Amino acid sequence: HVLRQGMERSVRAMADAAVDMERCLPWAPELAKLIHDYAGGKRLALLTALLEHPAADLPALARSVQVMCAVCVHPKLLKWLLAQPGVDASARLYRDEDGQREEMGSLLFHSVEFFEDRADVLKVLYAAGARSVLMSHMPAAMRLDRTLCGYRDADTPAELVAAGIDLDQHIWSGEYPILRLCLRNYTDTQRELQLIAELMDMGASVHYWMDPETFQVEVLEQIFSAYWQENEFENEEGICLDEGRATGIVSVFNRLLDRGLEANIGVSFGASDVTERNPVEMYYEGSLIGAIACVLCSRGSRLRRLCLPLVEQLLAHGADPQAIGHLCRVDPNGRRCRKILVDSDELATGAPWSEPSSILSFLRQRNAEDFDEIDAAVIAAMTRKALAHTH
């Protein structure tokens, strides 16, 4: 009944009824998963009863993905299981799906996806002499997926290329290639930024980001909004942009520019200040350099340290320091637009630009009224570029 219904009440009733586990052994992997999912506080007692039954084939059960995922929740039970005769801590696991048995790697090889590399579980595995044993066969898409997710012993981009794997093949049901997925699923880790840079260096295509709309949605919005979405990160103040992350973001933009991104690419988006209880929503339209200097990395932003290096990169790749930008309360054309959550004094003060104007002119005027050291450095860099154009 439990296996047919798979219901929480049925699973917990097993403990109360003192069910003879011998009758369940033919379906032990399925039962272990149900216990893991539904047994709650009785999970350990039920798993222990299942595994300690004299008729249980422990070497076989210790190779089941369902059993081992359930057991890893209880390190003491895992330690006991790995110490039983015939159980190999480094054995390849298997998973049954749709009547087919799929061979996996060892438990340690799947440590990230099966138990999130928990230190207490790793301690038990290392004490038992467990090794990370790869799957005997991994399709290219699976190797790409492991690289994307940062799983244990995943290939580096250089290793993927050396193995003849096409970095531009689509993964995850054929949706997108690995590089595009890196930013579409960006969660702001230094590992992701390093992976993006390495994929670009190994020749992964970036042609789709040359389109202004795709660049804005998949690069600009992902990188500059990820810090503030729903405040679900390190604390209510958002993620601290440390030096490693800042360097990684600048590196990604530099590589994109080197690969052909137009430095004068135009962007348009709604912007609201995530730090305000009732934020003023503004609309920016104009050059990317203006969006960086005056909205996304402007005064008061926790991304402020990105402002000067990104502006310098754009200028070095041909961005026009006299490019036009416009920040206003609503889209003057009445269009619905995509939004980027920021934390910017420009939005908090609710001071829009009265009309489209040169980014350099706006920065000069504002800095004359209220001096800012970073703005002064940005103005100096843009001024040098403007003077170079006139000679």
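Asp 375 is buried, with a relative accessible area of 0%. In this predicted model, the residue is a useful place to start, since two salt bridges can be followed from here.

One of them runs to Arg 299, where the closest N and O atoms are 2.8 Å apart. Arg 299 sits in the loop between α16 (288-296) and α17 (307-316), while Asp 375 belongs to helix α20 (residues 373-390), so the bridge ties together parts of the chain that lie 76 residues apart in sequence. Arg 299 has a relative accessibility of 9% and counts as buried, because the limit for that label is under 20%.

The other bridge joins the side chain of Asp 375 to that of Arg 366, at 2.7 Å from N to O. Arg 366 is also on the buried side, with a relative accessible area of 10%. Asp 375, Arg 299 and Arg 366 belong to a network of salt bridges that also takes in Arg 304, Asp 370 and Asp 372. As a general matter, side chains of opposite charge can pair when their charged atoms come close.

The structure as a whole holds 19 salt bridges. Another of them is formed by Arg 146 and Glu 113, whose closest N and O atoms are 2.8 Å apart. This pair also links distant parts of the chain: Arg 146 is in helix α10 (residues 140-149) and Glu 113 is in helix α8 (residues 111-115), 33 residues apart. The two partners fall into separate classes of accessibility. Arg 146 is buried, at 5% relative accessible area, whereas Glu 113 is partly exposed, at 26%. Glu 113 is therefore not labelled buried, because that label requires a value under 20%.

From the charged pairs, the reader can turn to the strands. Strand β5 (residues 266-273) is mostly covered, with six of its eight residues buried. This strand pairs with β6 and with β8. With strand β6 (residues 281-287), β5 runs antiparallel, and seven bridges join the two. Within that pairing, Gly 266 has Ser 287 of β6 as its bridge partner. With strand β8 (residues 339-342), β5 pairs in the parallel sense, over four bridges. Here Asp 273 stands opposite Val 342 in β8.

Methods: Residues are numbered from 1 along each chain as its sequence is written. This is a predicted model: local features need pLDDT of at least 70, side-chain atom pairs count only at pLDDT 80 or more; totals for chains, interfaces and linings use all residues. Side-chain values use heavy atoms; hydrogens and water are left out. A salt bridge is a side-chain nitrogen of Lys or Arg within 4 Å of a carboxyl oxygen of Asp or Glu. Buried means under 20% relative accessible area, exposed over 50%, partly exposed in between (1.4 Å probe, protein chains only). Two strands pair if DSSP finds at least two bridges between them.
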